[in-house]
Amino acid sequence: MLDVLGLEPDDERVYRALLGRPDTRASPLADQLVLPQADVDRALSRLVGWGLVTRTAEEQFTAAPPAVALGALISERRDGLRMAEHALVTFAEEHRAAMTGNSLSDLIEVVTGVDAIRHRFLQVQRAARSQVRSFITAPFVALSPGENTAEPAAIGRGVQFRAVLDRAVLGEPGIIDDAIESLRKGVQLRVADQLPMKLVLADADLCLVPLAVTPDGEPGAVLLHRSGLLDALDALFETVWRTAHPLELSETGADAEPAVEFGATGPTDLDRKILGLLLAGLTDQTAAAQLGLSPRTLHRRLRHLTDLAGVRTRMQLGGYAVRHGWVGPHRDCEGQDGSAPPSP
């Protein structure tokens with residue numbers, strides 16, 4: 001548990017034993033913990049050096065109060081991490097300066113194989129200091145969005161995530177639940193009709209771009225360091241982001257089909273999710289399948305919404321939904337199949 005502070009397992013065992021046995025000599029501790037005397041002596045020496053244990057002239061040892069001793073150690077580690085972050089910025093600038101004018105091989109790293117791509121994908125996100133931006137398309141090469149363990153860790157340290165999903169991705173099994181979880185954590189999601197590639201950008205420093213399968217059947221990717229090409233991909237992302245449709249999905253229970261209640265004065269969470277998927281361009285059939293609904297139930301809810309809004313067409317319903325805050329802004333209110341909901 002305390003290994004993150006630099007303590008070894010024996011150090012922690014000895015310290016915890018001393019918490020309940022002040023003024024204890026090394027020999028009884030060794031017997032209690034069933035450890036060699038030499039190992040206990042080394043652990044006590046380290047603990048005294050850390051300030052976690054005090055030693056008397058009679059070679060008796062007492063654990064320092066955890067709130068004081070461990071609190072001070074944690075503060076030192078925190079200060080050290082801040083200094084390391086400052087050093088990282090300095091080193092990164094020196095690295096960029098050194099890379100200026102270098103050969104193409106210094107700016108582009110070829111990555112081959114699923115495991116290597118997965119490692120680089122997670123590594124790029126862990127390197128981000130302020131933001132991670134990505135294009136998400138199917139099929140998923142290294143891992144699916146729901147398996148991205150680096151995302152919650154980066155969000156926890158204040159990194160902002162923005163992602164554009166290719167519309168076809170919304171038809172993948174389980175993707176809606178993954179999207180809802182990401183939205184709940186603060187990830188911003190938008191949907192584009194079609195994306196030109198997969199990519200993940202860490203700040204303006206690194207970009208991983210998966211490529212086609214190699215002749216040997218292995219997937220490949222390139223890791224780009226800061227360069228003119230990376231700047232172009234940075235600009236591409238921002239251009240697509242500005243024109244993509246915001247994806248807004250409300251969380252509903254697992255048993256969506258039985259939840260057929262209707263809001264008296266506004267849409268339910270399930271209604272908002274239906275509207276969000278249809279405005280993102282999914283067909284009625286795909287949206288119903290993603291939500292675990294029958295097409296008939298989806299159409300019944302749409303009929304209720306058109307009555308509630310006092311409109312007749314899906315285009316009118318989309319405009320009303322945006323104006324009254326049922327969903328976020330959008331560019332196209334028609335579903336991908338272009339059909340209007342059945343008349344009430």
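Accessible areas here come from the Shrake-Rupley method with a 1.4 Å probe. The model is predicted.

**Exercise 1. The whole chain**

Task: Find how much surface the protein chain exposes, and what share of it belongs to carbon and sulfur atoms.

Solution.
- Step 1. Take the accessible surface of the protein chain. The total is about 17700 Å².
- Step 2. Split by atom type. Carbon and sulfur atoms hold 55% of that surface.
- Step 3. Turn to residues. The protein chain has 344 residues, and 44% of them count as buried.
- Step 4. List the elements. The chain contains 13 helices and ten strands.
- Step 5. Look at contacts between residues at least 6 apart in sequence. Of these, 70% join residues at least 24 apart.

**Exercise 2. A salt bridge across the sequence**

Task: Decide which parts of the chain are tied together by glutamate 8 and arginine 46.

Solution.
- Step 1. Check the distance. A salt bridge needs a side-chain nitrogen of Lys or Arg within 4 Å of a carboxyl oxygen of Asp or Glu. For glutamate 8 and arginine 46, the closest N and O atoms are 3.4 Å apart, and the two form a salt bridge.
- Step 2. Place the partners. Glutamate 8 sits in the segment before helix H1 (9–19), and arginine 46 sits in helix H3 (residues 37–50), so the pair ties together parts 38 residues apart in sequence.
- Step 3. Check exposure. Glutamate 8 is partly exposed, at 42% relative accessible area. Arginine 46 is also partly exposed, at 27%.

**Exercise 3. Salt bridges inside helices**

Task: For two salt bridges, say how many residues separate the partners: arginine 16 with glutamate 12, and arginine 184 with glutamate 181.

Solution.
- Step 1. Start with arginine 16 and glutamate 12. Their closest N and O atoms are 3.8 Å apart, and they form a salt bridge. They are four residues apart in helix H1, about one helical turn.
- Step 2. Compare their exposure with the cut-offs. Buried means under 20% relative accessible area, and exposed means over 50%. Arginine 16 has 54% and counts as exposed. Glutamate 12 has 12% and is buried.
- Step 3. Move to arginine 184 and glutamate 181. Their salt bridge is 2.4 Å, N to O. Both lie in helix H8 (residues 175–184), three residues apart, about one turn of the helix.
- Step 4. Check exposure again. Arginine 184 is exposed at 52%. Glutamate 181 is partly exposed at 33%.
- Step 5. Look for shared partners. Arg133, Arg162, Asp234 and Glu238 are joined into one network by salt bridges. The structure holds 14 salt bridges.

**Exercise 4. A helix and its neighbours**

Task: Test the span of helix H12 (residues 295–309), then find which helices its buried residues pack against.

Solution.
- Step 1. Work out the expected span. Multiply 1.5 Å by one less than the number of residues. For the 15 residues of H12, this should give 21 Å.
- Step 2. Compare. The end C-alpha atoms of H12 are 21 Å apart, which agrees.
- Step 3. Pick out buried residues. H12 has several, including Leu298, Arg301, His304 and Ala309.
- Step 4. Find the neighbours. The buried residues of H12 pack against helix H10 (269–279), helix H11 (284–291) and helix H13 (314–323).
- Step 5. Step past the end. Glycine 310, just after H12, takes a positive phi of about 70°.

**Exercise 5. Two strands**

Task: State how strands E4 (residues 131–136) and E7 run relative to each other.

Solution.
- Step 1. Strands E4 and E7 run antiparallel, joined by four bridges.
- Step 2. Valine 132 has alanine 202 of E7 as its bridge partner.
- Step 3. From E7 (residues 199–202), Leu199 and Leu201 point one way, Val200 and Ala202 the other, and all are buried.

Notes. Residues numbered from 1 in each chain as written. Predicted model: local features only at pLDDT ≥ 70, side-chain atom pairs only at ≥ 80, totals over all residues. Heavy atoms only, no water. Buried < 20%, exposed > 50% of the residue type's maximum accessible area, 1.4 Å probe, protein only. Contact = heavy atoms within 4.5 Å. Pairing = 2+ DSSP bridges.
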